[in-house]
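User: I am new to this structure and would like a close look at one part of it, the open sheet and what packs around it. Please take me through it in one connected answer.

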Amino acid sequence: MGATFKICSCYAAILVASSALAFSPSALNTNIRATTSTSALFATANDNDNVAVAITNNDDIDSRLRRHLVLSLLATVSASAVPFAADATTTTTTSNVETSSLTSAAEVVKLLKPPLDQREYETYELPNGLKVLLCSDPTSTSAAVGMNVHVGACSDPVEIPGLAHFCEHMLFLGTEKYPEEDSFAKFLSANGGYNNAFTDSEKTVYFFEVDGSIDKRFSEALLRFGSFFSGPLFTESATGRELNAIDSENAKNLQNDIFRLYELEKDRVNSDHPFSKFFTGNKKTLLEGTKRQGINLRNELVKFYESYYSSNQMSLAVVAPQSLPQLRKYVSDAFGDIPNRQIKPPEDKWA
């Protein structure tokens with residue numbers, strides 16, 4: 001039994017497909033083909049969180065391709081239902097097919113890449129269950145990284161609409177290892193990079209780009225990013241202030257026809273299905289509503305994070321100029337301590 005995934009520069013269709021394929025036996029023996037444009041992703045994302053800002057006239061082609069590739073890889077590794085080897089140390093290349101060594105010869109993950117693609121790829125699984133897909137591209141000086149957490153707004157508590165989205169915002173506002181708020185964004189800005197994230201119905205995706213030409217700089221970026229998923233602070237002060245950002249984002253969406261159509265679609269689905277929930281959240285749902293119900297918002301944030309953010313429900317994609325052995329070490333150092341809470345896929349509760 002095996003799974004085959006095609007590496008594509010356009011990631012929109014793959015990202016959409018991964019929602020249906022992720023953690024599902026039907027993902028086996030499947031070739032994923034991208035057929036829609038990049039703009040489709042930004043047009044249909046239910047929480048763009050200003051993601052579209054990343055595509056600007058000043059965006060250089062290399063940066064754009066790097067971002068496309070890392071999200072394509074992220075969707076690919078997230079879609080795989082085949083368990084990766086815990087310690088995949090070798091990758092054999094045959095023509096344009098790369099096969100990662102796995103614990104069982106019957107279980108093979110094959111990455112099909114274009115014949116002219118000279119980049120090296122590797123898939124494996126960390127001991128804590130985190131699925132990883134690496135891409136070594138020595139021709140580039142920039143690096144891009146994406147993390148897919150398999151939980152989204154469909155898992156919001158009924159009494160707190162928007163909690164998954166709020167959790168996404170809060171992870172950027174200080175961790176145990178790097179307690180300063182917005183320190184990650186400042187670090188990236190000082191090193192030619194940026195970061196963003198979005199909350200979808202069944203997944204939350206975090207990604208960043210940074211100058212990868214200096215090993216120490218890139219490894220520190222990974223360490224900072226990895227701390228999001230091992231020790232966020234969720235401070236009381238940041239919790240209160242970030243509500244304003246959530247409320248402003250929702251107010252902006254009210255003037256967007258795409259979001260209006262999206263809410264009409266949600267309004268017409270079965271009201272008992274979690275897709276009908278209000279995903280973005282605002283002060284009314286996150287502040288006024290919780291106070292009225294006697295709910296401590298910070299406690300609920302921590303509870304949500306600990307209930308769903310587990311390494312066995314996460315997938316990581318990395319594209320960088322470093323060699324695959326270097327990247328493996330950096331990934332192990334940065335993401336090896338993410339706790340594995342042995343969480344089952346969240347859709348098991350309602351699908």
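Analyst: What follows goes from the whole chain to the sheet, then to its two edges and the parts around them.

This is a predicted model, in which local features need pLDDT of at least 70, side-chain atom pairs count only at pLDDT 80 or more, and totals for chains, interfaces and linings use all residues. Residues are numbered from 1 along each chain as its sequence is written, and side-chain values use heavy atoms, with hydrogens and water left out.

The chain has eleven helices and ten strands; helices (H or I, at least four residues) and strands (E, at least two) are DSSP runs, numbered from the N terminus. Of the 351 residues in the chain, 56% are buried. Buried means under 20% relative accessible area, exposed over 50%, and partly exposed in between, with a 1.4 Å probe and protein chains only. Contact means heavy atoms within 4.5 Å. Among contacts between residues at least 6 apart in sequence, 77% join residues at least 24 apart.

The sheet is open and has six strands in the order S5-S6-S10-S7-S9-S8, with mixed pairing. Two strands pair if DSSP finds at least two bridges between them. Strand S5 (120–125) and strand S8 (194–199) stand at the edges with a single partner strand each, so one side of each has no neighbour in the sheet. On average, neighbouring strands of this sheet are turned by 10 degrees against each other, direction ignored. Axes here are lines fitted to C-alpha atoms, for helices over the stretch in contact, and angles run from 0 to 180 degrees between N-to-C directions.

Take the S5 edge to begin with. S5 and S6 run antiparallel and are joined by six bridges; one of the pairs is Glu-120 with Ser-136 in S6. The two strands form a hairpin with five residues between them, and Gly-129 in the turn has a positive phi of about 95 degrees. Although S5 is an edge strand, five of its six residues are buried.

Leu-134 lies in strand S6. Why does Leu-134 count as buried? Leu-134 counts as buried because its relative accessibility is 0%. Leaving aside neighbours within four places in sequence, its contacts include Glu-120, Tyr-121, Glu-122 and Tyr-124, and also Val-318, Leu-324, Leu-327, Arg-328 and Val-331. Leu-134 and Val-318 are 184 residues apart along the chain, yet their C-alpha atoms are separated by 5.0 Å. Helix H11 (residues 324–335) lies across S5, strand S6 (131–136), S7 and S10, and runs at about 145 degrees to S6.

Now the other edge. S8 pairs with strand S9 (residues 204–211) in the antiparallel sense over six bridges. Among the bridge partners, Asn-195 is matched with Phe-208 in S9, and Phe-198 with Val-205 in S9. S8 and S9 also form a hairpin, with four residues between them. Five of the six residues of S8 are buried, so S8 is largely enclosed by the rest of the structure.

Helix H6 (residues 215–226) packs on the sheet and touches strand S7 (142–149), S9 and strand S10 (314–320). The direction of H6 makes about 160 degrees with that of S9.

Helix H4 (residues 163–170) has eight of its eight residues buried. Its cover includes S8 and S9, together with H7, helix H9 (283–292) and helix H10 (297–308). Thr-239 is in helix H7 (residues 236–253) and is buried, with a relative accessible area of 5%. Not counting residues up to four places away in sequence, Thr-239 touches Phe-166, Met-170, Phe-234, Leu-297, Arg-298 and Leu-301; Phe-166 and Met-170 are among the buried residues of H4.

Last comes the nonpolar core, a set of buried Ala, Val, Leu, Ile, Met, Phe, Trp, Tyr and Cys residues joined through side-chain atoms within 4.5 Å. The largest has 56 residues, and the members that touch the most others are Met-147, Phe-218, Phe-225, Phe-229, Tyr-309 and Phe-335. Apart from it lies another core of 14 residues, among them Leu-69, Cys-135, Phe-207 and Ala-317.
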